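Have your viewer ready and a selection box at hand. We will go from one stop to the next, and at each one you will hear what to pick and what to look for.

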Amino acid sequence: MKSVLLIGLGRFGKHVAMELLALGHQVMAVDQKEERVNEVLPMVTNAQIGDSTNEAFLASLGVRNFDFCIVAIGNDFQSSLETTSLLKELGGRLVISRAAQDVQAKFLLRNGADEVIYLEKQLAKWTAIRYSSDHIRDYVDLGEEYDIYEVDIPNSWQGLSVGQMDIRKKYGLNIIGIRHNGKMHFSVSSGTTFSSGDSCMVLGKYKDLHKCFRL
């Protein structure tokens with residue numbers, strides 16, 4: 001269990017609070033608007049109404065005591081930038097800030113953010129890859145050349161084993177899981193066989209995935 005300082009309780013911040021609650025973490029939520037704070041009270045450990053660009057207010061929260069801080073302010077970049085900078089100055093261990101543009105991401109990283117969440121860009125890439133192919137069910141961006149894809153098994157693979165296909169040797173792709181009858185199985189060996197309706201979780205480069213699965 002970790003302690004989290006979450007600043008900004010718009011739609012994104014509210015969903016983050018919900019997910020952190022589901023994971024069993026302790027959350028201190030902050031927003032200037034009383035109605036937003038009241039709305040998330042059942043989902044968090046504690047909540048405060050206040051201006052996160054006010055150094056005295058932010059210091060009163062005990063920034064150093066949190067495992068990480070999330071700046072989820074969406075519609076006021078100046079406030080997001082000032083809050084990010086203050087969190088780092090006050091000893092924030094790990095500051096994660098939301099950006100809506102490339103230039104915002106650059107400024108946030110220069111002014112204290114340890115990491116930046118760029119929702120629009122990340123979701124745009126996921127949408128393009130997920131829906132430009134009839135056979136990619138899901139996609140996880142690892143931020144590098146290699147990503148994780150869930151792909152439908154080609155009909156020609158049915159009845160064959162992972163070892164027989166050997167796509168690691170042929171294409172540099174690693175099968176890390178197989179979904180069979182709706183359930184994902186991660187205990188994959190060379191003897192694991194493919195069945196009709198299966199999909200597999202593959203780690204690799206998109207260009208190699210495209211060649212292997214003929215997307």
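Select Ala29 and then Ala47 in β3: the two are bridge partners. They belong to β2 and β3, which pair in the parallel sense over 4 bridges. Strands are said to pair when DSSP finds at least two bridges between them, and helices (H or I, at least four residues) and strands (E, at least two) are DSSP runs numbered from the N terminus. This is a predicted model, in which local features need pLDDT of at least 70 and side-chain atom pairs count only at pLDDT 80 or more, while totals for chains, interfaces and linings use all residues. Residues are numbered from 1 along each chain as its sequence is written, and side-chain values use heavy atoms, with hydrogens and water left out.

Now widen the selection to the whole sheet. It is open, with 6 strands in the order β3-β2-β1-β4-β5-β6 and parallel pairing. At the edges you will find β3 (46-49) and β6 (115-118), each pairing on one side only. From one strand to the next, the twist averages 20°; angles run from 0 to 180 degrees between N-to-C directions, and axes are lines fitted to C-alpha atoms, for helices over the stretch in contact.

Add helix α1 (residues 11-22), which packs on this sheet and touches β1, β2, β4 (68-71), β5 (95-99) and β6. Its direction makes about 165° with that of β1. Contact here means heavy atoms within 4.5 Å.

Next, pick strand β1 (residues 3-7). Is it enclosed or open to the outside? Since 5 of its 5 residues are buried, β1 is largely enclosed by the rest of the structure. Buried means under 20% relative accessible area, exposed over 50%, and partly exposed in between (1.4 Å probe, protein chains only). Show the side chains: Ser3, Leu5 and Ile7 point one way, Val4 and Leu6 the other. β1 runs parallel to β2 (residues 26-31), joined by 5 bridges, and Leu5 has Met28 of β2 as its bridge partner.

Move on to helices α4 (residues 77-89) and α5 (residues 102-110). Their axes come within 9 Å and cross at roughly 25°. α4 and α5 are therefore roughly parallel to each other; that term covers angles under 35 degrees, with over 145 roughly antiparallel, 65 to 115 roughly perpendicular and the rest oblique. To see the contact, select Phe77, Ser80, Leu81 and Thr84 of α4 with Gln104, Phe107 and Leu108 of α5.

Now for another sheet. Its 5 strands form an open sheet in the order β7-β8-β11-β9-β10, with antiparallel pairing. β7 (136-140) and β10 (183-185) stand at the edges with a single partner strand each, so one side of each has no neighbour in the sheet. Within the sheet, β9 (residues 174-180) and β11 (residues 199-204) are antiparallel over 5 bridges; try Asn174, whose bridge partner in β11 is Leu203.

Two helices lie across these strands. Helix α6 (residues 119-131) crosses over β7 and β8 (147-152), running at about 155° to β7. Helix α9 (residues 206-213) lies across β7, β8 and β11, at about 15° to β8.

Finish at Glu150 in strand β8. This residue is buried, with a relative accessible area of 4%. Measure to Arg137: the two are 13 residues apart in sequence and 5.3 Å apart in space, C-alpha to C-alpha. Beyond neighbours within four places in sequence, the contacts of Glu150 include His135, Asp138, Arg179, Ser199 and Met201.
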